[in-house]
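Here are some notes to read alongside the structure. Please keep the display open while going through the points.

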Amino acid sequence: MLRETKRWRGVTAISLLTAMGGLLANRPLLLLVATVGIVYLVYPRVTGTPDGTLELDRRLSTDTPGHNEVVDVTVTLRNTGSSLLPDVRIVDGVPETLTVTAGTPRHSATLLPGRETTFTYSITAKRGAHPFTPATVILNDIAGAREVETNVASETELRCDAEVSEMPLRQQTTQLYGRVLTADGGSGVEFHQTREYRPGDSIHQIDWNRHARTGKLSTIEFRQERAGRVVVLVDAREQSYRRATEDDPHAVAYARYAAEQLFESLLASRDQVGLAVVGREFAWLSPGAGNDHRIRGKTLLATSNNLAPRPPERDAFDDAQFTELRTQLTASTQVVVLSPLVDDDIVSEVKRLDAHGHRVTVLSPCVTGGDTLGGEVAHIERVQRIRQLRAGEIPVIDWNPDRPLEAALEDIGRWRL
């Protein structure tokens, strides 16, 4: 994008006034001064528009940082064109969910053809996946009268945390083979009951110890394992873009990260898993399995406008999105809700889903509290909402993002699934 900086606008006016005064007063010296100003005015027109071919290389000091670990970012900008770039200014595309703690992502340099410039700054890693955006580069001509703004991309993503090995599910299943134990007898790994032998029963299920004692044949049944049908729901409404502090990611960023981890974990456990997002608009992916389904889910989480780094300028959420969600859910589908629980509306919706027969589990990143009175009040209200849901036998995982997600999921064992 080409812009006139208008840096020499004042010189134009002064030169014209000086020239006019020189003519009227017959003062050659004033005409000479005016000539110098006109030269400055004409010079940018003959120097041409700055044009350069650029490459950006961005490197992180570690690819797998821990939570709150400082990561050094080294950026190299290279002039791969044949023109001199006398004034290059760059602003790196730091993820909006992360904070610069040392140095600066801004830099300026003069680049000869084939030369490069390098600068370094530091950021603090936070739990989740944080993609960098393209760097903004401004090229000024030698006179400073024209500038060209462009974006130079280098795909970089900072990921912080290990993958989740398993998401515990409640006993609401499909007829497909999976890993959720049911109350029905059949093939599986956990003992269910012993019954009288029937012709056709597998010899591997015969209780030979009892046969040795009594001479009678009996069959051992195990609890059947069936696949869960699960929808991971991300609460991305405007009010969910709350931060614990200015330096921390907001709850939607944490929820997006958790959704990615749970989606992968559930697919790996042979469950049928889908995605839903409420916020700017309703986004939906029906439960499924397989590699193609995995790609569709990852694409939705990576590109959905609902999960943008910044909150919407106005709250576009409509209660009809929750209605649409309920119409998409089948009777055997359970729901994992990812929400900071900062208002009563989401609590009401969780209860409504539970009343419709869906087993609901809530994973809630804690982004309330702090040193302010308002933060403390919000924290107390959130605690009351958690207690209210648990009193209705709805499991709630209170996740402090300073802890690994895997450790937080272990807390669900305290609640009856």
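The points below begin with the whole chain and then turn to one sheet and one surface patch.

1. Please keep in mind that this is a predicted model. The protein has 417 residues, and 45% of them count as buried. Its secondary structure consists of 9 helices and 19 strands.

2. Two further totals describe the protein. Among contacts with a separation of 6 or more, 72% are between residues 24 or more positions apart. The accessible surface is about 21500 Å², and carbon and sulfur atoms contribute 50% of that area.

3. One sheet is worth tracing by eye. Four strands make up this open sheet, in the order E2-E3-E7-E5, and their pairing is antiparallel. Strands E2 (54-60) and E5 (99-102) are at the edges; each has a single partner strand, so one side of each has no neighbour in the sheet. From one strand to the next, the twist averages 35°.

4. As a general reminder, the strands of a sheet pair through backbone hydrogen bonds, in a parallel or an antiparallel way. Here, E2 pairs with strand E3 (residues 70-79) over 7 bridges in the antiparallel sense. To locate this pairing, look for aspartate 57, which stands opposite threonine 76 in E3.

5. Which residues form the nonpolar patch on the surface? They are Ile203, Trp208 and Leu217, and together they have about 310 Å² of accessible area. Tryptophan 208 lies in helix H3, which covers residues 208-214. Tryptophan 208 counts as partly exposed because its relative accessibility is 47%, and that class lies between the cut-offs of 20% for buried and 50% for exposed.

Terms used
Residues are numbered from 1 along each chain as its sequence is written. This is a predicted model: local features need pLDDT of at least 70, side-chain atom pairs count only at pLDDT 80 or more; totals for chains, interfaces and linings use all residues. Side-chain values use heavy atoms; hydrogens and water are left out. Two strands pair if DSSP finds at least two bridges between them. Helices (H or I, at least four residues) and strands (E, at least two) are DSSP runs, numbered from the N terminus. Axes are lines fitted to C-alpha atoms, for helices over the stretch in contact, and angles run from 0 to 180 degrees between N-to-C directions. Patches are made of residues with over 30% relative accessible area and no salt bridge: like charges are joined within 9 Å, nonpolar side chains (Val, Leu, Ile, Met, Phe, Trp, Tyr) within 5 Å. Accessible areas come from the Shrake-Rupley method with a 1.4 Å probe; for residues, only the protein chains shown count as cover. A salt bridge is a side-chain nitrogen of Lys or Arg within 4 Å of a carboxyl oxygen of Asp or Glu. Buried means under 20% relative accessible area, exposed over 50%, partly exposed in between (1.4 Å probe, protein chains only). Contact means heavy atoms within 4.5 Å.
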